[in-house]
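Subject: Structure for you to look at

Hello,

Here is the structure I promised to pass on. Please open it and keep it beside this email as you read.

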Amino acid sequence: MLVVKIGGGESINLEACCADAAELVKARQRLVLVHGGSHQTNVLSQALGHPARFATSVSGYQSRYTDRRTLEIFCMAYAGQVNKRVVELLQARGVNALGLSGADGRLWEGERKAAIRIIEDGKKKILRDDYTGRVERVNSALLELLLGAGYLPVLCPPAISYQGELINVDGDRAAAATAAALKAEALILLTGAPGLLREFPDESTLIPHIPARQVEEFMPFAQGRMKKKVMGASEALAGGVRQVIFADGRIERPISRALEGAGTIIS
Ligand code: ADP
């Protein structure tokens with residue numbers, strides 16, 4: 001079993017990711033896809049006059065401030081535009097892809113964070129009315145059911161809270177939880193970089209291998225959104241996934257190249 005997260009950045013080559021996924025499925029690779037949608041969400045929120053607002057938590061992680069309107073736009077971009085585009089690209093290649101958000105069938109469940117503590121303009125603030133959380137439970141039975149019936153699950157945020165509210169969750173960490181729940185051999189995170197770079201954005205500083213027990217030591221190299229990916233990697237490994245690969249999602253055959261050893265392999 002392989003879990004592949006396709007990043008939501010502007011530079012990601014969705015066509016190449018889906019073409020490669022289709023080839024792997026045809027070669028009988030068991031696969032679950034997860035995708036992002038951050039770029040599309042930014043474009044859509046701008047167009048709808050509700051520009052994205054990012055918050056930095058007191059622990060230094062960046063996330064999207066998700067009020068009710070943002071949550072609606074977030075769903076349009078992730079579960080609508082991007083999810084259906086991925087399904088379309090796979091269906092066009094003869095793969096019976098089935099798109100689901102984490103809320104459908106309680107696929108990804110977690111607790112909604114009622115209030116988050118952030119730093120804005122150097123000041124500490126508390127944000128309420130924020131629909132965010134973290135995936136704590138994965139409905140792996142639903143995924144097994146779909147895989148067993150020959151469907152390729154294509155998953156994306158939002159997730160669902162225990163109270164039944166939609167929550168914005170980090171896609172990388174949700175992919176990590178999914179990989180752990182399915183006892184996947186590998187989790188591949190495709191992004192707009194060739195892997196984890198020692199000196200971002202200098203691509204010649206790619207870190208080819210990180211021993212699993214040292215992954216936390218590499219956190220200082222990751223900036224911005226990359227931090228969540230390193231955190232996801234560490235969670236997947238802790239959950240029993242043998243290897244996590246950060247690989248380039250801008251190139252042809254991105255998944256196969258990662259399996260052949262390109263990118264940053266954490267094992
Ligand atoms: P997603 O692809 O899931 O939407 P992002 O594109 O927002 O995620 O986050 C990954 C991006 O983080 C990379 O494409 C890269 O531009 C940036 N980045 C920051 N620090 C690093 C680093 N040390 N190594 C590689 N990429 C980094």
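Which residues of S2 are buried on one side, and which on the other? Leu-31, Leu-33 and His-35 lie on one side of the strand, and Val-32 and Val-34 lie on the other. All of them are buried, and both faces of S2 are covered. Bear in mind throughout that this is a predicted model.

**Strands S1 and S2**

Strand S2 spans residues 31-35. Five of its five residues are buried, so S2 is largely enclosed by the rest of the structure. Its partner here is strand S1, residues 2-6. The two strands pair in the parallel sense, over five bridges. To see the pairing, find Ile-6: it stands opposite His-35 in S2. His-35 is one of the buried residues of S2.

**The four-stranded sheet**

Next, look at the open sheet of four strands. The order is S9-S6-S11-S12, and the pairing is mixed. Strand S9 (133-138) and strand S12 (166-167) are the edge strands. Each of these pairs on one side only. Now take S6 (residues 108-112) and S11 (residues 159-161). They run parallel, and two bridges join them. Here the residue to find is Glu-109, which stands opposite Ile-160 in S11.

**Helices H1 and H3**

Two packed helices are described by the angle between their axes and the distance between the axes. Start with helix H1 (residues 14-26) and helix H3 (residues 68-91). Their axes come within 9 Å and cross at roughly 50 degrees. H1 and H3 are therefore oblique to each other. Their crossing is right-handed. On the H1 side, the contact is made by Leu-14, Glu-15, Cys-18, Ala-21 and Ala-22. On the H3 side, Arg-85, Val-86, Leu-89 and Leu-90 take part.

**Helix H5**

Last comes helix H5, residues 171-181. How many of its eleven residues are buried? Eight are, so H5 is largely enclosed by the rest of the structure. Four alanines are among the buried residues: Ala-174, Ala-175, Ala-176 and Ala-179. The others are Gly-171, Asp-172, Arg-173 and Thr-178.

Check both ends of this helix too. Asp-170 caps the N-terminal end of H5. One of its side-chain oxygens lies 3.3 Å from the backbone nitrogen of Asp-172. Asp-172 is itself buried. After H5 comes Lys-183, whose phi is positive, near 50 degrees.

Best wishes

Conventions: Residues numbered from 1 in each chain as written. Predicted model: local features only at pLDDT ≥ 70, side-chain atom pairs only at ≥ 80, totals over all residues. Heavy atoms only, no water. Pairing = 2+ DSSP bridges. Buried < 20%, exposed > 50% of the residue type's maximum accessible area, 1.4 Å probe, protein only. Polar contact = N/O pair within 3.5 Å; in protein donor to acceptor, adjacent residues only side chain to side chain. Axes fitted to C-alpha atoms, helices over the stretch in contact; angles between N-to-C directions. Parallel < 35°, antiparallel > 145°, perpendicular 65-115°, else oblique. Left-handed = near helix turned anticlockwise from the far one by under 90°. Contact = heavy atoms within 4.5 Å.
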